[in-house]
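User: I'm new to this one and would like to learn how to read it. Could you take me through it feature by feature?

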6 protein chains.
Amino acid sequence: MMNRYVRLNIERPEKAFVKEFMDYDVSTVYEAQGKIGLLNYDLRPIIEGSFICGPAITVTCMAGDNLMIHAAIEAVQPGDVLVVSTIGESHHGMIGELIARALMEKGVQGVIIDAGIRDVKQLRKLGFPVWSKAIYSQGTTKNRGGWVNAPCVCGGVQINPGDLIMADDDGVVRIKSVNIETVLELTKKRVEREKIVKSKIKNGELSIDFYNLRPILEKEEVVYIDFFNVNV
Amino acid sequence: MMNRYVRLNIERPEKAFVKEFMDYDVSTVYEAQGKIGLLNYDLRPIIEGSFICGPAITVTCMAGDNLMIHAAIEAVQPGDVLVVSTIGESHHGMIGELIARALMEKGVQGVIIDAGIRDVKQLRKLGFPVWSKAIYSQGTTKNRGGWVNAPCVCGGVQINPGDLIMADDDGVVRIKSVNIETVLELTKKRVEREKIVKSKIKNGELSIDFYNLRPILEKEEVVYIDFFNVNV
Amino acid sequence: MMNRYVRLNIERPEKAFVKEFMDYDVSTVYEAQGKIGLLNYDLRPIIEGSFICGPAITVTCMAGDNLMIHAAIEAVQPGDVLVVSTIGESHHGMIGELIARALMEKGVQGVIIDAGIRDVKQLRKLGFPVWSKAIYSQGTTKNRGGWVNAPCVCGGVQINPGDLIMADDDGVVRIKSVNIETVLELTKKRVEREKIVKSKIKNGELSIDFYNLRPILEKEEVVYIDFFNVNV
Amino acid sequence: MMNRYVRLNIERPEKAFVKEFMDYDVSTVYEAQGKIGLLNYDLRPIIEGSFICGPAITVTCMAGDNLMIHAAIEAVQPGDVLVVSTIGESHHGMIGELIARALMEKGVQGVIIDAGIRDVKQLRKLGFPVWSKAIYSQGTTKNRGGWVNAPCVCGGVQINPGDLIMADDDGVVRIKSVNIETVLELTKKRVEREKIVKSKIKNGELSIDFYNLRPILEKEEVVYIDFFNVNV
Amino acid sequence: MMNRYVRLNIERPEKAFVKEFMDYDVSTVYEAQGKIGLLNYDLRPIIEGSFICGPAITVTCMAGDNLMIHAAIEAVQPGDVLVVSTIGESHHGMIGELIARALMEKGVQGVIIDAGIRDVKQLRKLGFPVWSKAIYSQGTTKNRGGWVNAPCVCGGVQINPGDLIMADDDGVVRIKSVNIETVLELTKKRVEREKIVKSKIKNGELSIDFYNLRPILEKEEVVYIDFFNVNV
Amino acid sequence: MMNRYVRLNIERPEKAFVKEFMDYDVSTVYEAQGKIGLLNYDLRPIIEGSFICGPAITVTCMAGDNLMIHAAIEAVQPGDVLVVSTIGESHHGMIGELIARALMEKGVQGVIIDAGIRDVKQLRKLGFPVWSKAIYSQGTTKNRGGWVNAPCVCGGVQINPGDLIMADDDGVVRIKSVNIETVLELTKKRVEREKIVKSKIKNGELSIDFYNLRPILEKEEVVYIDFFNVNV
């Protein structure tokens, strides 16, 4: 009834688009696409300064069991990002050195996991980036069915297989595959706008002026007072 | 009615005192001033090994809105520390690269924020130290009034504009501006006492002896037992 | 009535065994001994890449008081690991530079503490590894009795004095002193098995095959579907 | 680009099915449909003993803003359950007496909200059941666009408009609209099985026997020992 | 240096005003005074349906010590509300049956405490309302100095002695003593406005209309779509 | 190696002692035995006003699996308290109506569980008291070995089979079986002392006097100041 399944083949976004996105970062893309698609802030990178950007291979495990991650290894391709979620909360260390090596052999860029990981010293040495909720050796079983490449909820965001996942020190963002082209355009525009802002800042202009925020202060009845004369 | 305001001018502590404090650290000052003024431990630095010490420019925003941070940029001076609190809990990324650049242009030492920040990779590259509750790209609006340089509560501690703020790897401490001279004296004395303790430790003396703690153990009915003979 | 005591002498595991364990890591040992003995994941190292492995000197303090840590310094020997727990939850900074120096003078490898620590910058400079629940300057008193080298609960696990404690980037594990020899054997066997798995992975074999997981997928009614033809 | 919208008309499950589900409870349905669809346990009822079961009207708000809840009132029909989620974490009190009265006028059964609520005394007096993450007066703005009757993620579970939502003291479960008939069948079967189990228990039979768990204990190498003779 | 003190006499707001406030509730007053003064939502009542409203007697204790609460009993008068905060986080059960009885003898209405309490069964039987962060038997010492009737931070809000404190099922709000008259006026006006809203709701009017929110939806580019024809 | 076992027979404390303890409560006993043995405050009762007091039958499960609870049903006797802990953190609903009925048939008083439970409405109707960390329908497997009547850590406290467990609205306390007689004496004495304190309070005496706390205030340099004359 539950239609548990493994989909080995999914549609991935065009590589040219993915490559272009690699010039940007999570906060910029999240803002550009309308402040949506950001995963919870408790997903943190194990390697500072990491950056990955690629199509999602989604895995849905039952809490405390990593059977479906093993099944997913067959589905990954170079450049993919493995996105792991669980049915039921979990901080188990679902991925360690062995699975990481298998994923690296296949060319996977990294892992986003709404649970724990382990062998973090080895993963750092291997240079394999992971964003996780915890570092925890707690082991899993390998005997409960789930899904590979079904829509899943990871970090509070729905992720479909083939959606573009970008992750850096700020966190993780999802770009829906159908929106990739539009979001890329919006991202480029945002970066242009930010360049102008940066030069204004360098010239000593105040954001309260160039964003025209003084009328808002006024509307909000914020008054300017003088410390020495006014006693509030 | 709520008297929302911006105070551009505040009284800052004498620079000579601030400079002297730069030889010390958060834990020492906190202890020296009587175990008060310490902000909550969930405010953590984004750059390991950072140290800042300067007068507080206080900002009170409504949760999820950073309008007043923009207003505060006009109020800061070189050496200041921006202290941001929110009315209502918030993990929003209220400060990113652009605001950081604006603050750096003005000579601000760093930021203490009881909310989230973003563009953490860029902030690290810029070497701009921030103590925050979260790293989170979640964006803010810019349209709700609040306060600049009003007394605020940040990390559970009341901070007035012009109070001295010190932050390092241990966390953040507030020294009330009226107490600066006294606390400086107490800090120096404490450091002297600690030097003596360090040399005692180097000589192999036990703290239980040089702090005279054995009578307390006795009063607390702590007995010394021999593992091999006594079965408790 | 509460039988508060200090035991200065405990039985420690044979050094040869301890030395052999130093070739392994927390996750491996935890798994090898049957997925038990792992402390809570909120105990995190202050120095990335640290590794310690030695007999536990256990300290039980009343929350907010570190009197018994001072008493414990008399009981430690080179190679020991200080394990600190509290009666009542605590994030107080119970250990700082002074106690750390005293422990280092005595040759202690490091500290596991189910509470907070402070002077973390100095501890990092000294290279003294600590696993703690928080970094917090919050000071303690020194006047409440407790226990040194009594059985304690640290990170949710019962630890007896003389148990072997191993800690690395993955967390902290306890090996009961009575099981040391057996666990060492099991650990070695596990490492051998993992070597074989690593070479299989390098040869491109799938874990779903060499762990024989396909029958489990089948039993769990996980079906393989084709993205392009099947609409679920 | 973000396609923000309000859908006033959705397809609801057949009333006969919904009515039949009213004889069951959350835990039973969750188990019957294969241990899926359960919302996070931090969503708790404000009125002990409440029970609701009806089609989801989904609302997606920006954190701290309840504009879209106002828009949703136009879309609800008698028997509906309002499901509110936010983009960005939120504990704001997004619903109070006024909105509750408006929903009651329209015949809405209750609300599931992945944020806070307020006026809880009045809601209890009105007998209007709500499952929320917090009780918090913190107010919202009414000026940010979002979605009504778009797929949303609430309590970590994806909910589509028209999905069946059941909530009681145990929490909240989602039954996908496409599965309603099947899940109803499975639920009935489960209840039948549980009746048999209850009568076995009443007859003093042990679950370890009637579930045939002794062989599993054996496989797991669990031995029966005698307290008085065996020292482990 | 820290100026620890007990102030036995404070200025309290006029009783007539306090009495008038008793017709209102926390959420209404919080909104009326401009969405400020609300304590954190983790302060919850131990007795459902409780309501208190009176001048704050403030107590600042060191975490884990309740000496100053004993000192405060001398300062309370009939109708007062005891507000307890701690320097350093604490969940200790700082108040139990004995202190509650002493406060009741003096006519204190209830307690707001940013820590834990105990003897909750007895407090419920006595009908003594308390808002606290935890129910926890964990005992305190009685030997560390602090403050009675100094400004304090409780639940993230600064409270001065003599400020008006109101608490109900929604939480706790502070009305600054200097603002009492103004806030009372604003509260009355708000209640009038809400009455009109309630009657509109009863008449079946939509809040999206009477709040004039449709133009905002439009500005936010929220479109109305038809489920059956539009595929987004 | 792990010595997984079930002990069907344990030594229980004398019934006369257990009966005598039933006149007291958790906070009193915890204080009387020297402020030890108190479980974490996140273990909360599902039925307000519940009280249980009886010998512990201890169960140690692997997180997410309740096999050993089924095994434990064979070991319980009338008046027992089932104490359930897990290896690895867990909020799973490990106990529901069926297990509760089985335990009630056997005369078990109630359950202390460091995880979740479900069917809470039914348990309340049955009047079966449970102290748990969460209410969560999340199901368990029944196939992983553990322990019945081995020493376990529950709520941060070590509990041996046969220890006396008392639970009420304040939480849960463990009295070690070897100390029962002594703790009973100490409890009686404490209650006598509290009676005297209560009568002093009724007579209007101040605790600061009858506990002789004024010298401590003095030692702590707490001064009495007059609000109207002194400006601090």
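Analyst: Happy to. Let's start with how copies of a chain get compared: they are superposed by least squares on the C-alpha atoms of residues with pLDDT of at least 70 in both. That pLDDT cut-off is there for a reason to keep in mind throughout: this is a predicted model.

User: And what comes out of such a superposition?

Analyst: In general, two copies of a chain are related by a rotation about an axis and a shift along it. Here, chain D can be laid on chain E by a turn of 120 degrees and a shift of 0.0 Å along the axis, and the RMSD of that fit is 0.0 Å.

User: What turn and shift lay chain A on chain C?

Analyst: For that pair, the turn is 120 degrees with a shift of 0.0 Å along the axis, and the RMSD is 0.0 Å. The two copies are thus related as by a three-fold rotation axis.

User: Which residue of chain A comes closest to the rotation axis?

Analyst: That's A:E48, with its C-alpha at 6.8 Å from the axis. In chain D, the residue that comes closest is D:E48, at 6.8 Å by its C-alpha.

User: Now the contacts between chains. How many residues does each of chain D and chain E bring to their contact?

Analyst: Chain D brings 40 residues and chain E brings 40 residues. About 3,600 Å² is buried between chain D and chain E, and carbon and sulfur atoms give 59% of that area.

User: How many salt bridges are there between chain D and chain E?

Analyst: The count is six salt bridges. To see one of them, look for E:E31 and D:R118, whose side chains meet at 2.8 Å, N to O. The interface of chain D and chain E also has 18 residue pairs in polar contact, both residues being at pLDDT 80 or more.

User: Which elements of chain D supply at least two residues each to the side that touches chain E?

Analyst: There are β1 (5-7), α3 (67-72), α4 (97-105), α5 (120-126) and β7 (130-135) of chain D. The largest share comes from α4(D), with five residues. By class, the side of chain D that touches chain E divides into 14 nonpolar, twelve polar and 14 charged residues.

User: What about strands that pair up across chains?

Analyst: The general idea is that strands of a sheet pair through backbone hydrogen bonds, either parallel or antiparallel. In this structure, β1(D) pairs with strand β13 (residues 223-225) of chain E in the parallel sense, over three bridges. As a landmark, D:R7 stands opposite E:I225 in β13(E).

User: Let's turn to chain A and chain C. What is the area buried between them?

Analyst: It's about 3,600 Å² between chain A and chain C, with carbon and sulfur atoms giving 59%. The contact takes 40 residues from chain A and 40 residues from chain C. Six salt bridges are counted between chain A and chain C, including the one where the side chains of C:E220 and A:R4 meet at 3.5 Å, N to O. On the side of chain A that touches chain C, α4(A) gives the most, with five residues.

User: Which strand of chain C is joined to β1(A)?

Analyst: Strand β15 (residues 223-225) of chain C is joined to β1(A) by three bridges, and the two run parallel. Here A:V6 stands opposite C:Y224 in β15(C).

User: How do I read a sheet inside one chain, say chain C?

Analyst: Follow the strand order. Three strands of chain C form an open sheet, β5-β7-β9, with parallel pairing. β5 (93-95) and β9 (134-135) of chain C stand at the edges with a single partner strand each, so one side of each is left without a neighbour in the sheet. Two bridges join β5(C) to β7 (residues 116-117) of chain C, and C:G93 stands opposite C:G116 in β7(C).

User: Last one: what should I look for in backbone angles?

Analyst: Most residues other than glycine have a negative phi. A:N212, though not a glycine, has a positive phi of about 60 degrees, and A:N212 lies in the loop between α7 (207-210) and α8 (214-219) of chain A. B:D119 also has a positive phi, near 60 degrees; look for B:D119 in the loop between β6 (110-117) and α5 (120-126) of chain B.

Technical notes:
Residues numbered from 1 in each chain as written. Chains lettered and ligands numbered in written order. Heavy atoms only, no water. Contact = heavy atoms within 4.5 Å. Buried area = accessible area lost by both parts, 1.4 Å probe. Salt bridge = Lys/Arg side-chain N within 4 Å of Asp/Glu carboxyl O. Polar contact = N/O pair within 3.5 Å; in protein donor to acceptor, adjacent residues only side chain to side chain. Helix = DSSP H or I, 4+ residues; strand = E, 2+ residues; numbered from the N terminus. Nonpolar A, V, L, I, M, F, W, Y, C, P; charged D, E, K, R; others polar. Pairing = 2+ DSSP bridges.
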